[in-house]
Amino acid sequence: MNKKILIVEDDESILRLEKDYLEANGFAVDTAQNGTDGLEMALKGDYNLVMLDIMLPGVNGNEICKRLRKTSNIPIILVSAKSDDFDKIKGLGLGADDYVVKPFSPSELTARVISHINRYEALTASTAPAEPKIIEAGPIKIDTEARRVFVDSKEVTFTNKEFDLIVCLAENPDKIFSKDELFEKIWKYDSMGETSTVTVHVNRIRDKIDAVNPEFEYINTIWGKGYRFNK
């Protein structure tokens, strides 16, 4: 059975381009050209991934992302002409897995779609229960099997990518990862210079930890090199 994708995009030419490329790669694609219809379809449909333009008539893409995240953890990709970090932070903070800036390469977008779907399916695949692996660093406790994070015994909710990122760093304390390395490990394709997504996710992780315990910075920025988890 083909993987099913919902595209919500009001620009008909971009919508057609996205749809054609994804269908050529074997995906079944539903479309909506306004946010009201897109939100209804996203909440009712059984999709493997949802792709959202941000500036939509009716309900905007950020609001659709926010509403969908309350009931589903499927991959969400935001597509926008806005390239400012503020806009990326807002979208990713609402639970989006990725943020693609227009104009984009259709082949790169397709690669991102495939990567997100494959990773989500790997995470949700039914497997035999494994021994829980716990990573502890000061007040931080990470249960890698249950995919839960606690700070001072208070559970902190992370998106899939935020969780994968903190686990990658915490499993390798004192190792310096460049932004390109982290992007390729977590997003599973070449960064091609698009490393601001890593910066946004690291900042979100820091903000969530600091909201509970601001006394110590566990993810250090090593200027000119990348990030290091300080255990």
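# Notebook: a walk through a predicted chain

**Entry 1: Valine 8**

I began with valine 8, which is buried, with a relative accessible area of 0%. The model I am looking at is a predicted one, and I keep that in mind for every entry. I looked up where valine 8 sits and found it in strand E1, residues 4-8. Which residues does valine 8 touch, leaving out those up to four places away in sequence? I listed Ala32, Asn34, Gly35, Gly38, Met51, Leu52, Asp53, Leu56 and Ile64. I also checked alanine 42: 34 residues separate it from valine 8 in sequence, and the C-alpha atoms are 9.2 Å apart in space.

**Entry 2: The whole chain**

Next I stepped back to look at the chain as a whole. I counted up its secondary structure and got 8 helices and 12 strands. Its radius of gyration is 18 Å, close to the 17 Å from the globule rule for 231 residues, so the chain is as compact as a globular protein of that length. Along its principal axes, the C-alpha trace spans about 50 × 40 × 30 Å.

I then asked what share of the 231 residues is buried. The answer is 47%. The accessible surface comes to about 11400 Å², and carbon and sulfur atoms hold 47% of that surface. Among contacts with a separation of 6 or more, 58% join residues 24 or more positions apart. For the charges, I found 31 positive and 39 negative ones, and their mean positions are 3 Å apart.

**Entry 3: Helix H6**

I picked helix H6, residues 160-170, and wondered how many of its residues are buried. I found that 11 of the 11 are, so the helix is largely enclosed by the rest of the structure. The buried residues in H6 include Phe163, Leu165, Ile166, Val167 and Leu169. I noted that Lys161, Glu162 and Asp164 are on the buried list too.

**Entry 4: Strands E6 and E7**

Here I wanted to see a strand side by side with its partner. In a regular strand, side chains alternate between the two faces of the sheet. I followed this along strand E6, residues 134-137: Ile135 and Ala137 point to one face and are buried. Ile134 and Glu136 point to the other face and are not buried.

E6 pairs with strand E7, residues 140-143, in the antiparallel sense over 4 bridges. Opposite alanine 137 I found isoleucine 140 of E7. The two strands form a hairpin with 2 residues between them, and glycine 138 in the turn has a positive phi of about 60°.

**Entry 5: A sheet of three strands**

My next stop was an open sheet of 3 strands in the order E10-E12-E11, with antiparallel pairing. Which strands are at the edges? They are E10 (176-177) and E11, each pairing on one side only.

I looked closer at E11 (residues 219-222) and E12 (residues 226-229), which pair over 4 bridges. Threonine 221 stands opposite tyrosine 227, and asparagine 220 has arginine 228 as its bridge partner. The hairpin of E11 and E12 has 3 residues between the strands, and glycine 224 takes a positive phi near 80° there.

**Entry 6: Unusual backbone spots**

Most residues other than glycine have a negative phi, and most peptide bonds are trans. With that in mind, I searched for exceptions.

Arginine 147 has a positive phi of about 55°, although it is not a glycine. I traced arginine 147 to the loop between E7 and E8. Is arginine 147 buried, exposed or partly exposed? It is partly exposed, with a relative accessible area of 27%.

Serine 153 was my second find: its phi is near 70°, a positive value in a residue other than glycine. Serine 153 sits in the loop between strand E8 (148-151) and strand E9 (154-156). With a relative accessible area of 70%, serine 153 is exposed, since the cut-off for exposed is over 50%. I also looked up proline 139, which is 14 residues from serine 153 in sequence and 7.5 Å from it in space, C-alpha to C-alpha.

Last came a peptide bond: the one from lysine 102 to proline 103 is cis, with omega near -5°. I placed proline 103 in the loop between strand E5 (98-101) and helix H5 (106-124).

Conventions:
Residues numbered from 1 in each chain as written. Heavy atoms only, no water. Buried < 20%, exposed > 50% of the residue type's maximum accessible area, 1.4 Å probe, protein only. Pairing = 2+ DSSP bridges. Rg over C-alpha atoms; globule rule 2.2 N^0.38 Å. Contact = heavy atoms within 4.5 Å. Areas by Shrake-Rupley, 256 points an atom, 1.4 Å probe, with all protein chains shown as cover. Lys, Arg positive; Asp, Glu negative; His and termini not counted. Charge placed at Lys NZ, Arg CZ, Asp CG, Glu CD.
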